[in-house]
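Hello,

Here is the structure I promised to pass on to you. Have a look at it first, and then read on for what turned up in it.

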Amino acid sequence: MNADKTDCLLVIDVQYDFMPDGALAVPRGDEVVPVINRLAPAFSHVVLTQDWHPAGHASFASSHAGMQPFGLTRLEYGEQVLWPDHCVQDTQGAALHADLYVPHARLVLRKGHHAGVDSYSAFMEADRTTRTGLAGYLREHGVRRVFCVGLATDFCVAWSALDARMAGFDVVVIEDACRAIDLDGSLAEAWRDMSAAGVVRMTSEQVLDEKRAGRSVPNHL
Ligand code: VGL
Ligand code: ZN
């Protein structure tokens, strides 16, 4: 049985607005691109996501009078970090990085398109009710294990990894293929939550070694 058939590489939000000179810059965010380009050929199944907000989105500080980026507010569904305007639909900042080379990616999933609801997670929106459909898609294709990479480790990657666990998948986060925003300790908290949920942390070299050996990567304990 080829273990690769039940694996999916989930490439999260490798978009210009999350690059070092982007609107919501992730420090060294551009460094994930060559790492992901090395990883992707080892996976037959690759899914990409795009943060994809309408102008005036509820997660933008500019949509709330008197609020500044990186502040907190309360929306109908709970606390929301307010961000600079970013990844507005069909803008250059929302485009995938042109150097990302994954020609065999099967699906590009756009998230965060509901004006009043954020979606860090590729699986479930921030209201914790609305599903994106990704879990059903992956299940229909026989995927059992999801490898998460991209931006940002402590927001979209972590929320996607946690929701993938919740949906019953084995989950690996490939740490050197991610970069973090790290807002008030959010990175340490994200790793704590992911470890507690049974998310496995690996390096890209470990994953590529396992793939080359044709062995399956150890699952969560
Ligand atoms: C993200 C904040 C707001 C991310 C997206 O991709 O991690 N973070 N929108
Ligand atoms: Zn966003």
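Before the findings, one definition: helices (H or I, at least four residues) and strands (E, at least two) are DSSP runs, and they are numbered from the N terminus. Names such as α3 and β4 below follow that scheme. Please also keep in mind that this is a predicted model.

**The domain**

According to UniProt, in an unreviewed entry, residues 8-206 carry the feature "domain: Isochorismatase-like". In the model, that span is 22% helix and 22% strand, and its end C-alpha atoms lie 16 Å apart.

**The largest pocket**

You may want to start with the largest pocket, which has a volume of about 550 Å³. Its lining is made up of 22 residues, and V81, F155, W159, S186 and E189 are the ones nearest the centre. Which helix gives the most to this lining? That is α3, with five residues. The elements that each supply at least two residues of the lining are β4 (78-81), α3 (153-166) and α4 (186-196). Sorted by class, the residues around the pocket are 12 nonpolar, six charged and four polar.

**The cavity**

Rolling a probe the size of a water molecule over the atoms shows where empty space is left. Searching the whole structure for cavities of 30 Å³ or more gives one. The largest cavity has a volume of about 110 Å³. Around this cavity are 14 lining residues, with F18, L24, Y120, F155 and C156 lying nearest its centre. Nine of the residues in the cavity lining are nonpolar, three are charged and two are polar. You will notice F155 again: it is among the residues nearest the centre of the largest pocket and also among those nearest the centre of the largest cavity.

**A closer look at α4**

Which residues of α4 are buried? They are S186, A190, W191 and M194. Viewed down the axis of α4, these buried residues fall within an arc of 135 degrees, so they line one face of the helix. Their cover includes α3, β7 (170-179) and β8 (200-202). On the face of α4 turned away from the buried side sit R192 and A196, which are exposed. S186, one of the buried residues of α4, is also one of the residues nearest the centre of the largest pocket. Just after the helix, G198 takes a positive phi of about 85 degrees.

Happy to talk any of this through whenever suits you.

Best wishes

How values were computed:
Residues are numbered from 1 along each chain as its sequence is written. Chains are lettered from A and ligands numbered from 1 in the order in which they are written. This is a predicted model: local features need pLDDT of at least 70, side-chain atom pairs count only at pLDDT 80 or more; totals for chains, interfaces and linings use all residues. Side-chain values use heavy atoms; hydrogens and water are left out. On a 1 Å grid over the protein atoms alone, a cavity is a set of points where a 1.4 Å probe fits but cannot get out, and a pocket is an open set with protein on both sides within 12 Å along at least five of seven lines; lining residues have an atom within 4 Å of a point. Grid points are joined across faces, edges and corners, and a volume is the space filled by probe spheres set on the points. Ala, Val, Leu, Ile, Met, Phe, Trp, Tyr, Cys and Pro count as nonpolar, Asp, Glu, Lys and Arg as charged, and the others, Gly among them, as polar. UniProt positions are given in the numbering used here, feature names are shortened, and annotations may be inferred rather than shown by experiment. Buried means under 20% relative accessible area, exposed over 50%, partly exposed in between (1.4 Å probe, protein chains only). The arc is that of the directions from the helix axis to the C-beta atoms. Contact means heavy atoms within 4.5 Å.
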